[in-house]
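Reader: I am new to reading structures and would like a close look at one part of this one. Could you take me through a sheet and the loop beside it?

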Amino acid sequence: MKHTFYASFIAILLFSNLGFAQQEEQKEEFDVRKYKTVYKFNSFKQSDNSRLLEVSFIVQNKKDRKDKIPVFEAEIYFYNVLNDEELLLGTAFTSKEGIAKLTLPSSQNYELDEDGFINLTARFIGSKGLKSAKKSLAVKDLHLELNLKEIDSVKTVIVKAYTLTLDSLQTKVPLEEADITIFVKGMLSNMPIKEGSIEDGVFEFEFPTNIPGDGDGDVTVIANIEDHDEFGNVAQEKFINWGSHKITPVKKVKNTLWSESAPLWMYIVLSILLLGVWANYIYTIFNLFKIKKEGKSINLATEE
């Protein structure tokens, strides 16, 4: 027992030292000087007119670009900038994937420059081992209207895009031109069904008739403008019953002689017949035992 205890103790020490040695080796292998900071900042105007600010923060090996390490728990400060003034919109910490997100409501008031741009900045102050990082972008507030209508029995998708003037009238100014993609929302990813260009503020096309929906035939249609120089990323979506595949409700059919299940009266008659047959078997067996018993009694009386 003593030898077994000592052997186990020595084995534990060896494995522990090996683990510490591996950790130290990994620490020595990581050299900050071999990595560069990749810091990206994007803005997404979502279907509910809220705005998502997103920062991707990773460090990448200068030689091996596949060697990427997300920066975790880095606090990112988001600002609305006008001239030299910075209005703090909020802060967010990066996730294990190196992503920091801040969602601003549709009612958020932004400071606009003279050209109508919202100037946004995402800043990382810096920490031990990591230098400060900063990215800025400017976007105009674009409004998307997604209309799904049946025109002369044709399912039609109509997208309208416009900006508002800076004066008190806030007149709608149609978007001259922009690339747009129409998707149908799926379980794992969105399926593109049409690509085109908005011209004079309008994009219109006939919805395909072979797009499958859910069990009720419902689909979610998404209009998306991506990485535009002035407007960034803008999306709008709507829910409608335009799917081609619908599950027809099963009608309850009465049991008949030709259906898979027989009528109820047949089950009752069959049960009575079977019960009568078994009752006859039991009655016959009972009488056989009774006759046998009486036969023995007669034999005994005769012998006496």
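Author: What follows is a walk through one sheet, then a loop that leads into one of its strands, then a second loop elsewhere. Keep in mind that the model is predicted.

Start with the sheet. Four strands make up an open sheet, and their order across it is E5-E4-E7-E8. The pairing in this sheet is antiparallel. At the edges are strand E5, residues 85–93, and strand E8, residues 133–140, each of which pairs on one side only. From one strand to the next, the twist averages 25°.

Now take one pair from that order. E4 and E5 are joined by eight bridges in the antiparallel sense. One bridge to look at involves Glu75, whose partner in E5 is Phe93.

Next, the loop. Strand E3 covers 68–70 and strand E4 covers 75–82, and Glu73 sits in the loop between them. The phi of Glu73 is near 65°, which is a positive value in a residue other than glycine. Is Glu73 buried or exposed? Neither label fits: its relative accessible area is 46%, and because buried requires under 20% and exposed requires over 50%, Glu73 counts as partly exposed.

A second residue can be read in the same steps. Gln170 lies in the loop between strand E10 (154–164) and strand E11 (172–174). Its phi is near 50°, again positive in a residue other than glycine. The relative accessibility of Gln170 is 46%, so this residue is also partly exposed.

Conventions. Residues are numbered from 1 along each chain as its sequence is written. This is a predicted model: local features need pLDDT of at least 70, side-chain atom pairs count only at pLDDT 80 or more; totals for chains, interfaces and linings use all residues. Side-chain values use heavy atoms; hydrogens and water are left out. Helices (H or I, at least four residues) and strands (E, at least two) are DSSP runs, numbered from the N terminus. Buried means under 20% relative accessible area, exposed over 50%, partly exposed in between (1.4 Å probe, protein chains only). Two strands pair if DSSP finds at least two bridges between them. Axes are lines fitted to C-alpha atoms, for helices over the stretch in contact, and angles run from 0 to 180 degrees between N-to-C directions.
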